[in-house]
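Here are some short exercises to work through with the sequence and the structure side by side. Try each task yourself before you read its solution.

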Amino acid sequence: MMDWRHALVLFGAAAIAGAVNSVAGGGTLLTFPALLWVGQLEKIANATSTVALWPGQLSSLLGYRKEIGENRDAIVRLAIPSLLGGIVGAQLLLRTPPRVFANLVPYLILMATLLFMAQEPLARWQRSRSDKADTGSGVRGEDHNRDPVSAAGWAGVMAFQFCVAIYGGYFGAGIGILMLAALGLMGFTNIHRMNGLKNMNGLCINAVAAITFIANGLVQWPVALWMALGAIFGGYSGTGIARRIGQKNVRRIIILIGFSLTLSLLIKKPHRDLRPGPQTPPAPLQRR
């Protein structure tokens with residue numbers, strides 16, 4: 001039975017993550033620490049967080065229906081490495097001994113936090129490029145009927161997306177920022193098109209990772225379903241709260257949590273019973 005305080009923390013973290021993902025992205029940096037706080041082992045927390053946030057990612061595509069419909073060719077090209085890389089990353093996680101993954105977690109969180117910090121300057125760079133494209137061409141954003149990437153360039157884009165998907169299947173926090181950076185460097189300037197592609201491919205990566213984790217018994221189902229409700233609630237009704245707090249303040253809170261958790265985990269070495277093996281049974285929901 002879930003402790004009511006743990007249930008409140010997990011629902012709140014998922015709700016805020018759902019709201020944050022709809023405004024800025026980076027919700028995993030809230031749900032993953034919350035799961036660690038209630039006593040979940042690192043691999044279980046990673047898998048449960050992925051499954052819990054997936055419904056919110058699915059609903060986020062509704063806002064980009066137009067861009068998705070206009071860019072089917074690009075979506076198909078990127079979906080293939082996204083699906084394959086997501087499977088590879090999830091399988092790597094299954095084969096990582098629990099103690100090894102626990103020791104990697106502080107560095108994974110640090111990398112995700114640094115990526116999250118890079119999101120704002122990246123967005124400014126993309127807006128600047130889009131404004132220049134508008135001024136030079138006399139049209140708003142890139143022409144949807146013109147692919148900015150050459151046929152040869154797609155090989156590089158797909159290879160990079162495969163690497164991003166491996167990381168996404170393994171841990172996942174910050175993959176959206178990596179995908180936006182890659183699309184910008186490849187010549188995309190329309191931020192709505194880029195976000196549509198990013199959301200669709202992130203959905204593919206997390207879908208195959210979630211299926212892999214579910215099939216191997218890594219998901220704590222009562223917790224995942226409870227947090228999924230929180231994420232959906234936050235995505236629909238919590239956005240206003242996040243906006244009232246202010247995007248800058250939300251970002252500062254997430255960055256503070258990321259650095260604090262990294263420091264805490266580096267100082268306090270994993271002390272729980274982490275038996276090596278491809279799977280770890282779900283831990284009971286209680287502080288240890």
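**Exercise 1. Which residues form a nonpolar patch on the surface?**

Step 1. The residues to find are V76, I80 and L84, which together have about 280 Å² of accessible area. Such areas come from the Shrake-Rupley method with a 1.4 Å probe, and for residues only the protein chains shown count as cover.

Step 2. Patches are made of residues with over 30% relative accessible area and no salt bridge; like charges are joined within 9 Å, and nonpolar side chains (Val, Leu, Ile, Met, Phe, Trp, Tyr) within 5 Å.

Step 3. Look at V76, which lies in helix α5 (residues 72–95). Helices (H or I, at least four residues) and strands (E, at least two) are DSSP runs, numbered from the N terminus.

Step 4. V76 counts as exposed because its relative accessibility is 52%. The scale is this: buried means under 20% relative accessible area, exposed over 50%, and partly exposed in between (1.4 Å probe, protein chains only).

A note on the model: it is predicted, so local features need pLDDT of at least 70 and side-chain atom pairs count only at pLDDT 80 or more, while totals for chains, interfaces and linings use all residues. Residues are numbered from 1 along each chain as its sequence is written, and side-chain values use heavy atoms, leaving out hydrogens and water.

**Exercise 2. How many salt bridges does a search of the whole structure find?**

Step 1. Recall the rule: a side-chain nitrogen of Lys or Arg within 4 Å of a carboxyl oxygen of Asp or Glu.

Step 2. The search finds 1 salt bridge. The side chains of R5 and D3 meet in a salt bridge, at 3.2 Å from N to O.

Step 3. Check the cover: R5 is partly exposed at 49% relative accessible area, and D3 is partly exposed at 22%.

**Exercise 3. Is helix α2 mostly covered or mostly exposed?**

Step 1. Helix α2 spans residues 28–37, and 8 of its 10 residues are buried, so it is mostly covered.

Step 2. Among the buried residues of α2 are L29, F32 and L36.

Step 3. Move past the helix: α2 is followed by G39, whose phi is positive, near 105 degrees.

**Exercise 4. Which residues touch the most other members of the largest nonpolar core?**

Step 1. A nonpolar core is a set of buried Ala, Val, Leu, Ile, Met, Phe, Trp, Tyr and Cys residues joined through side-chain atoms within 4.5 Å.

Step 2. The largest core has 65 residues, and F171 and F213 touch the most other members. Helix α6 (residues 98–137) gives the most to this core, with 8 residues.
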